[in-house]
Amino acid sequence: MCFSLVCCGWMLLSLVFAFGDVVVNRTTTLFVNHGQSAQMRCNYNQTKDIESMAVDLKTLNHTLCSYFFHGNTWTRQKCKDHIKFTWILGISFELLNLQIQDSGTYTCTVRRIVKPPEVNLGVQRVQVIVRPALSLSCVKRPDGSPMILCSVDFYHNSLEQLWIRDGVVLNSSYSNTSFNGSFNQKSYLILPPQTFNDTIYSCWVNHSSLNKPLVANLSSSGCYESGDVHATETVVFAMLIVVLTAFLITAVIYSLYRRGRQSSTSPVVLSVTPELGLYDDLQTETLYSTLGDHHPVPCSPAFAHSFAQ
């Protein structure tokens, strides 16, 4: 029995020396924020008898990127636009601008092609989970009343979501969840009639991939104002039309009034008759004084006038 075990051990060692060590790492998990990039290193057994080898990056049995090495040169076979391959300090792939639907398990396999036989030098598996993306927006119900929409994109169906108004948790909301490569949950909160007080509403979300919950805030005044924008524009435009129409009517009436007044007024001719002198005859008369010596005294009209008074 012991002899057979020793033989099996020697056979396994001979296979290792014949085909090289296979580096197979356990699956690791990598959490990434929405829109960021992730670096995935491909660990493998570096041997000196490698003349050519191939590197593949796959997910769900779909090849995302593939490179071939021969003659100290890497040649691209196929690769998605959002994947970058580097080989300067080891072999690695960089996943760019990750979205929620990019979450999943990625497998990097390094294979020796020459010298034969073909051997896997390393297999690295990484589970990439993109953290949820949260957004708040104002929407309308069919009757025109305002609502707040909390939309969350996430991977894995395990999400907690709450509505908070000024620090108080609310229960009056409804939501629905859909799946299209990733999960999406939409939650709607109906707003009460508008008041003079501004209210802050918050959407609180927790997920297993988060270090702490996500919170997004929105002011209720923004939703009421956004709903009345078109109505306000219509009222202002109507008022502008009324003012312009009144101005034009006033200008036309004033112009007609001036024309009518000018046509009905005839020119006035003033005739000036010189005033007859009241004392013209005094210029030719001679007055005699009854006092003292009777000598004729010539009298001017001004003197005669003073005398008459």
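Which residue in β16 is the bridge partner of Val-152? In this predicted model, the partner is Gln-185. I shall use that pair as the way into the structure, and then move outward from strand β16.

Let me begin with the chain as a whole. The protein chain has 309 residues, of which 29% are buried. Its secondary structure comes to 4 helices and 20 strands. Among contacts with a separation of 6 or more, 58% link residues 24 or more positions apart.

I now return to β16. This strand spans residues 183-190 and runs antiparallel to β12, residues 146-154, with 8 bridges joining the two. Besides the pair I opened with, Met-147 is matched with Ile-190 of β16. On the other pairing, β15 meets β16 in the antiparallel sense over 6 bridges, and here Phe-179 stands opposite Phe-183. The hairpin of β15 and β16 has 3 residues between the strands, and within this hairpin Gly-181 takes a positive phi near 85°.

These strands belong to an open sheet of 4, in the order β11-β12-β16-β15, with antiparallel pairing. Which strands stand at the edges? They are β11, residues 133-140, and β15, residues 174-179; each has a single partner strand, so one side of each is left without a neighbour in the sheet. On average, and with direction ignored, neighbouring strands of this sheet are turned by 20° against each other.

How many of the 8 residues of β16 are buried? The number is 6, so β16 is largely enclosed by the rest of the structure. For this step, a residue counts as buried when its relative accessible area is under 20%.

I turn next to another open sheet of 4 strands. Its order is β14-β13-β17-β18, and the pairing is again described as antiparallel. The edge positions are held by β14, residues 168-170, and by β18; each has a single partner strand, so one side of each lacks a neighbour in the sheet. Neighbouring strands here are turned by 30° against each other on average, direction ignored.

Within this sheet, β13, residues 159-165, pairs with β17 over 7 bridges in the antiparallel sense. One of the matched pairs is Ile-164 with Ser-202 of β17. Strand β17 also pairs with β18, residues 214-219, over 6 antiparallel bridges, and Cys-203 has Ala-216 of β18 as its bridge partner. The two strands β17 and β18 form a hairpin with 6 residues between them.

One residue of β17 merits a closer look. His-207 is found in this strand, which covers residues 200-207. Is His-207 buried or exposed? At 4% relative accessibility, His-207 counts as buried. Leaving aside neighbours within four places in sequence, its contacts are Pro-132, Phe-154, Tyr-155, His-156, Ser-158 and Leu-159. Of these, Leu-159 lies 48 residues from His-207 in sequence, while the C-alpha atoms of the two are 5.2 Å apart.

Let me now consider the nonpolar cores. The largest has 31 residues, and those with the most contacts inside it are Leu-57, Ile-91 and Phe-93. Several strands give two or more residues to this core, including β4 (52-59), β8 (92-95) and β9 (104-114). The largest share, 5 residues, comes from β10. A second, separate core of 17 residues includes Leu-136, Val-152, Leu-189 and Ala-216. Two of these residues have already appeared in this talk: Val-152 as the partner of Gln-185, and Ala-216 as the partner of Cys-203.

As for Ile-91 in the largest core, its contacts beyond four places in sequence include Arg-41, Met-53, Trp-74, Phe-85 and Val-110.

Finally, I come to the largest pocket, which holds about 240 Å³ of space. Its lining includes Thr-59, His-62, His-82, Asp-102, Tyr-106 and Tyr-155. Which elements give two or more residues to this lining? They are β5 and β9, and the largest share, 3 residues, comes from β9. Strand β9 also gives two or more residues to the largest nonpolar core. Tyr-155, listed in the lining, is likewise one of the contacts of His-207.

Terms used: Residues are numbered from 1 along each chain as its sequence is written. This is a predicted model: local features need pLDDT of at least 70, side-chain atom pairs count only at pLDDT 80 or more; totals for chains, interfaces and linings use all residues. Side-chain values use heavy atoms; hydrogens and water are left out. A nonpolar core is a set of buried Ala, Val, Leu, Ile, Met, Phe, Trp, Tyr and Cys residues joined through side-chain atoms within 4.5 Å. Buried means under 20% relative accessible area, exposed over 50%, partly exposed in between (1.4 Å probe, protein chains only). Contact means heavy atoms within 4.5 Å. Two strands pair if DSSP finds at least two bridges between them. Axes are lines fitted to C-alpha atoms, for helices over the stretch in contact, and angles run from 0 to 180 degrees between N-to-C directions. On a 1 Å grid over the protein atoms alone, a cavity is a set of points where a 1.4 Å probe fits but cannot get out, and a pocket is an open set with protein on both sides within 12 Å along at least five of seven lines; lining residues have an atom within 4 Å of a point. Grid points are joined across faces, edges and corners, and a volume is the space filled by probe spheres set on the points.
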